[in-house]
Structures are given as C-alpha cells and as structure tokens.
Amino acid sequence: EPKNYDEFAMFFDKVCEDYHHGGGKVHTTNWSLSGVEGLPEDGQLDLQKIGLTDELSMRVRVGRNLTAFPLPGLMTKADRINFENTMLKAFDVLKANPDYGGNVFSMTPTADWKEVTGQDENPNLITPEKYQELVDAHVMFKDMAADPYLASAGIASDWPCGRGCYQSSDGGFIIWFGEEDQLRIMCMAKGFKLNDVFDRLHTALDSVESINGIEFATSGKYGYVTSCPSNLGTGMRASVHVKVPNLTADGTEMQAKAAAKPLGLSVRGVGGEHTPIGADGTIDLSPSNRLFITEAEIITKLYNGIKLLKEKEDAATLPALKTKAELVLKANPDNICAQTLLDPEVQAWMTTLSPDKLAELALCAKSGLDNVDSGLGCYAVDPKNYDEFAMFFDKVCETYHHGGGKIHETSWSLDGVAGLPADGVLDLRKLGFEQPLSMRVRVGRNLTSFPLPGLMTKADRINFEKTMLAAFDVLKSNPDYGGSVFS
C-alpha cells in the first residue's frame, strides 16, 4: 500500500537509510536543468561532444502508482483488470492527441475481462505471437510469473491479467501497465542528445497526470511511491545502451561494473536485470540513485558518467587487446592478427601509442579478434596505417607474404618476365584449350581523399560515390566503354 511508507516508517525508514544513505533527508522533485552541477554551458547533453560516434539507444522511464488502487503486491485479479479498464480512458485521451496517437496492447484473457468488467470482449487483446514480437522489440515487458522475486512479493500474481502496454504512433513513448509498479512510463529514442528523451518524458508525464481520474501516489518524505524502495523519489531510471568492448573483453560485465560503480552507475545486460550483455560489448548503463536526487541531476549524472566511463574504456584498450588475442589464439593458433598482437616487440610498441592511435589499431584488428576462424584477421582503416603502425603491419605482411624486408615494385611491362612466351602473347589455345575461358583481372584501389572503408562514415561513403560519378561520366562518354552506373 502507498501508506506503508508512513504506517511502517520504523521499518521502511531504516531500509531506505541503508539503501539510499538518506539519513533523515526529504526528497524534492525538480525537472529543471538550470544550475545543475556538471551541466554543459549550453544545457545540451550531447554525447557527440564527448567523442561518441554511433547513435545510442536512450531511454528514460519513471514508475508511478495511482492513489485509487493498492500497489501491485496487494492487488487482486479484479483490481488489476479494473485498473487496466480505468487506464483505458487515459489512453483514449493520448490516442486522440496528435502528439501521441498510438495503440493499446493487452494480455488480459477475454474470459477474465468479461468476468470482471461484464464486457464480452477485451478490445485490445493481442495474440501470443504479437506479445513476443513486442517483447523482442523491447516495447513490452517479459513474463513476470517467471521472476521469483516478483512472484514472492505477490506482484506477479494473476499473470497475465491486467498486463499490457500503450505505445505512441511514433513508437517513442510507452506506458507499461501492471508491471512492478502499476505504471512504468517511458520515452526512448536512438540518438545522441539525452535532452530529447528527458524533455519528452517530462511533457508526457504532465499530459498523463492532467487527465481526469489520474492521481499519482506520493509520500511527503520519499516523493513518488513505488513498490520497491529502490525506486522511491523520482521513480526514474535513465539509461543508455553503450558499447564498452574493452571493459568486456573477457566476455563478462565484471570489469564494466567495477569501473561504473565508483561513478554512481549501474550496469545491466541489454535485456534488463539478470540478462547477458551484448556480444559486441554493449551494456545497459544508468545512474544508481533514484531518491534524494532530482530528475535533472539524474540525467546530468548519466551524461557525465558516460564521459568518465568512456575514459576508463579508452584506458582499457591495451589490456583488452591482449586478453582478446590470447583467447583467439587458443581457439585458432593460425590467426596472424592475434599472433602479431602478442609479439613482445609489438606489445612494447603499443604502450607508446596515444589513446586515439591505440583505438585506431584496435579497429584495424577488430575483425580478426571478433572472428576467431580468421586467417589474416586485420584491415587497415587509413592509408597511413601501414607507416604509422609499421611495427604491427610489417610483421603481419612478413608472416602472410613471406616478404622479409622486401620493397614492392609496380610494373605492367611484360618485357623480360620469366616464363613469357617468345612472342609475348599469353594465348591459352597454345596450351590446348579449345573453348573460350571466362577471364577476369581486378585490382583494388583507394583514393587519398577518403579514409579506407573500415573508417568511412555513411556521409563518406555517399560522398565517395558522388565523387566517382564524375569519373564514370568520363568513361560513359568514351566509346571504348560507354555503360551505366547502378547504385
């Protein structure tokens, strides 16, 4: 019950002091970023500014409970279905708003719906296949009945009655109903600016709370009331999915957790609590605090935490390369990339590289370390890699090409080539072939004005194509070639 935090204050105050280290504090709510410590001068929490180049999955959610119902642990089946029915009026308001629109997806079986509401059909019932589709898309929550913690607390009882979600037309605003809290309200997006999801959630919450019949349960001491004391206060969890391949080089999240904890950050798997991290080193990262901290401080803490964790990730590049190379070499002793990275001379040289250059070398080696069965296992990402990273690439090339200090020369002249027929014509009919053969000669080339493909951005690739169109036009106008371009 929401009033448990007052009636059982002797118990819950001690729980909260131990978990949140509150010591007699009173929670305050504040969404304004003005004056928040660590906020960039322009107020924009733009992750590109701290060196991230790939768009991140960003999500901010809050837990809320209505005063008109018990908390989920004490709800009956009738409570759960009546709560869902109550929320349909609110969802209708959102669906009629062009800023939201959207649909409701319900899991309440029709027989249970009819038993409680008297209505013949649950108008929003979905199939098991649709449910799984929504779970896989991270739109719907997983089977709560399989969670022993929620089951013991009574929160998972009567599954799947009174469970489901609302999703806006653009997919970025979602309300879960019937989960650990009666409502989990969230905004999510792919991008770089944390402000985008934070500001949209604040606006959406104001819209939901203004709907007639919606009154969120609060505590004078603990702010917004939630089932689990860990979520009291803001009820907010602001998170991103971020890649930290160096801190997860051993295949676990242990190093990432150790690096994140002193920063006040929690690490989870990409599917939530008790789920594995991504195969590419992607983790779910969020500030740990919910109580005695404002909403604005949480989102700013996430921004600065990502910045500091990135520094730790960059510092872990060298040991991560060694760890990965050792694992690869155990599985495939012929992987030349791994062999070379573990060469003592190369190991010593790598300690002299700047963090940026070490990260670039790691990118060159990434394919060979990700794909254990690789033979050669590395790709230059910039033409000058062969000079800047000569300690690495010279050894790779000597092993693969058996070059041993040689210098390559280019010559298209057939004059004096050993084995050339006297007339200089390489005619396969002289060797007894009677039918024409399919013959092809190709060369690989790269322009100096662009990075090699492994470091190209989408814009680079499209601008490269556009640049080449001028060359293709010259070929097309030449009667020896003509032809067409296919993009």
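How many bridges join β1 to strand β8, and in which sense do the two strands run? Six bridges join them, and the strands run antiparallel. The structure described here is a predicted model.

## Strand β1 and its partners

Strand β1 spans residues 56–64, and eight of its nine residues are buried, so that the strand is mostly covered. In a regular strand the side chains alternate between the two faces of the sheet.

Strand β8, which covers residues 236–243, is joined to β1 by the six antiparallel bridges already noted. Within this pairing, arginine 61 has arginine 237 of β8 as its bridge partner. Strand β5 (residues 183–191) also pairs with β1 in the antiparallel sense, over nine bridges. Here arginine 59 is matched with methionine 188 of β5.

## The second largest pocket

Strands β1 and β8 reappear in the lining of the second largest pocket, as each gives two or more residues to it. The other elements that contribute at this level are β10 (282–287), α9 (295–315), α10 (317–331) and α13. Helix α13 supplies the largest share, with nine residues.

The space in this pocket amounts to about 1700 Å³. Its lining comprises 50 residues, of which Asp54, Lys243, Pro245, Glu313 and Lys366 are the closest to the centre. By residue class, the lining divides into 24 nonpolar, 12 polar and 14 charged residues.

## Helix α15

Which residues of helix α15 are buried? In this helix, which runs over residues 390–401, they are Phe392, Phe393 and Val396. Viewed down the axis of α15, these buried residues fall within an arc of 85°, and therefore they line one face of the helix.

The buried residues of α15 pack against four helices: α11 (336–341), α12 (344–350), α13 (355–370) and α14 (385–388). Helix α13 thus has a part in this packing as well as in the lining of the second largest pocket. After α15 comes histidine 402, with a positive phi near 55°.

## Threonine 110 and helix α4

Threonine 110 belongs to helix α4, which comprises residues 110–117. When residues up to four places away in sequence are not counted, threonine 110 touches Asp120, Glu121, Asn122 and Leu125.

How far apart are threonine 110 and aspartate 147 in sequence and in space? They are separated by 37 residues in sequence, and their C-alpha atoms lie 24 Å apart.

Technical notes:
Residues numbered from 1 in each chain as written. Predicted model: local features only at pLDDT ≥ 70, side-chain atom pairs only at ≥ 80, totals over all residues. Heavy atoms only, no water. Buried < 20%, exposed > 50% of the residue type's maximum accessible area, 1.4 Å probe, protein only. Arc of directions from axis to C-beta. Contact = heavy atoms within 4.5 Å. Pairing = 2+ DSSP bridges. 1 Å grid on protein atoms, 1.4 Å probe; cavity = no way out; pocket = protein on both sides within 12 Å on 5 of 7 lines; lining within 4 Å. Points joined across faces, edges and corners; volume = space filled by probe spheres on them. Nonpolar A, V, L, I, M, F, W, Y, C, P; charged D, E, K, R; others polar.
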